[in-house]
Amino acid sequence: MIELSVKDISVHYGKNCALNNVSLPTLRAGDVLGLLGPNAAGKSTLMRAVTGAQNHKGTVQLNGKNRQQHKQTDWHNRVAFMPQTPPQGSALKPIELMWSATRSLGISFSDKQLAGHIESIFDALELNDFAMKPLDALSGGKRQLVGLALCMLRQPQVLLLDEPTSALDLYWRMVVLDLVAEHVRSTGAIAIAALHDIDLAVRYCSHIAIIDQGKLVAAGAPAEVITRENLAKIYHIDADITFGPNNLPNVHINKPLRGMNNETLNINL
Ligand SMILES: Nc1ncnc2c1ncn2[C@@H]1O[C@H](COP(=O)(O)OP(=O)(O)OP(=O)(O)O)[C@@H](O)[C@H]1O
Ligand SMILES: [Mg+2]
């Protein structure tokens with residue numbers, strides 16, 4: 001049984017408290033959590049803390065064991081992290097990156113198995129035509145797809161995706177999130193994705209957590225969390241919500257609520 005528990009995470013950068021005792025809902029096989037929140041809320045910091053790349057207080061447990069109790073190679077094989085910044089342009093080709101990443105992760109595929117596995121990932125992301133081109137000849141969106149391909153190499157139990165669709169057009173946003181959803185559904189994995197696109201979060205996520213100024217301010221099913229009040233208070237936008245099929249909220253944004261404080265916001269809600 002796959003289960004991820006993230007409890008009481010605090011991170012300080014010098015005197016700046018970037019995360020203050022943030023706990024996420026416990027996630028189980030098949031769950032996708034959308035991590036929402038304004039710029040600088042602490043989403044990337046939380047992602048890095050969960051992977052172990054960021055010093056923090058609090059506990060991260062996978063399948064009942066603290067991260068520190070997992071062997072490092074075992075942890076890296078189970079938990080894949082896609083950072084907010086796509087792989088930088090370089091002379092390296094995507095195919096070379098995939099092979100070298102596999103070797104550095106210690107994934108025990110034979111060369112033949114690995115070649116087939118890489119081909120199927122590149123097929124799914126339509127990257128075959130780009131596999132032999134240097135990264136610095138690829139567009140930002142294609143480099144972001146290469147970042148996802150790297151994550152899928154190890155067939156992870158936990159996918160941590162920091163704004164995986166930020167450089168992608170509408171078609172690719174949906175292809176990428178369909179692929180993540182299919183991986184989660186078919187293998188019983190768990191995914192956490194930091195997203196700014198609320199419509200995508202509602203469509204693909206079983207759970208949504210919103211952080212603001214380093215604190216968890218809302219968590220639950222999309223219909224519970226994506227409310228007019230939360231969008232005004234947290235994002236400072238005026239929006240109307242309607243409910244579509246499956247009772248999922250549709251957000252219709254009217255305008256930014258510039259220059260309002262909490263008191264004037266309350267009057268306007
Ligand atoms: N390495 C760092 N050193 C110092 N401060 C940092 C560092 N990384 C992040 N911060 C600060 O921590 C806070 C949270 O940043 P973080 O990148 O986690 O936000 P975010 O929610 O991911 O924002 P965005 O939506 O813009 O990606 C911000 O105030 C940021 O300036
Ligand atoms: Mg970020």
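**Figure 1. Helix 9 and the residue that follows in the predicted model.** In helix 9 (residues 228-235), the buried residues include Asn230, Leu231, Ala232, Ile234 and Tyr235. The model shown here and in the other views is predicted. His236 follows helix 9 and has a positive phi, near 55 degrees.

**Figure 2. Helix 3 and its buried face.** Helix 3 has twelve residues. From its first C-alpha to its last, helix 3 reaches 16 Å, close to the 16 Å expected at 1.5 Å a residue. Buried in this helix are Pro94, Leu97, Met98, Ala101, Thr102 and Leu105. Viewed down the axis of helix 3, these buried residues fall within an arc of 130 degrees, and they therefore line one face of the helix.

**Figure 3. The protein donors of the magnesium ion (ligand 2).** Two side-chain atoms are shown as donors, OG of Ser44 and OE1 of Gln84, lying 2.0 to 2.1 Å from the ion. The pair links distant parts of the chain, with Ser44 in helix 1 (residues 43-51) and Gln84 in the loop between strand 7 (79-82) and helix 3 (94-105). Ser44 and Gln84 are 40 residues apart. Ser44 has 15% relative accessibility and therefore counts as buried, whereas Gln84, at 35%, counts as partly exposed.

**Figure 4. The aromatic pair of Tyr171 and Trp172.** The model contains one aromatic pair. The ring centres of Tyr171 and Trp172 are 5.2 Å apart and the ring planes stand at 90 degrees, so the pair is edge-to-face. With 49% relative accessibility, Tyr171 counts as partly exposed; Trp172, at 9%, counts as buried.

**Figure 5. Arg67 over the face of Trp75.** The distance from Arg67 to the ring centre of Trp75 is 5.9 Å.

**Figure 6. Cysteine residues of the model.** The count of disulfides is zero. Cys205 is in no disulfide, and the nearest cysteine sulfur, belonging to Cys151, is 16 Å away. Because a disulfide requires sulfur atoms within 2.5 Å, the separation of 16 Å between the sulfur atoms of Cys205 and Cys151 does not meet the cut-off. Cys205 has a relative accessibility of 8% and therefore counts as buried. Cys17, with a relative accessibility of 30%, counts as partly exposed.

Note on methods. Residues are numbered from 1 along each chain as its sequence is written. Chains are lettered from A and ligands numbered from 1 in the order in which they are written. This is a predicted model: local features need pLDDT of at least 70, side-chain atom pairs count only at pLDDT 80 or more; totals for chains, interfaces and linings use all residues. Side-chain values use heavy atoms; hydrogens and water are left out. Donors are N, O and S atoms within 2.8 Å of the metal (3.2 Å for Na, K and Ca); water is not among the atoms, so sites may look incomplete. Helices (H or I, at least four residues) and strands (E, at least two) are DSSP runs, numbered from the N terminus. Buried means under 20% relative accessible area, exposed over 50%, partly exposed in between (1.4 Å probe, protein chains only). Rings of Phe, Tyr and Trp (its six-membered ring) pair if their centres lie within 6.5 Å; planes under 30 degrees apart count as stacked, over 60 as edge-to-face and the rest as tilted. A charge sits over a ring if NZ of Lys or CZ of Arg is within 6 Å of the ring centre and within 35 degrees of the ring normal. The expected span of a helix is 1.5 Å times one less than its number of residues. The arc is that of the directions from the helix axis to the C-beta atoms.
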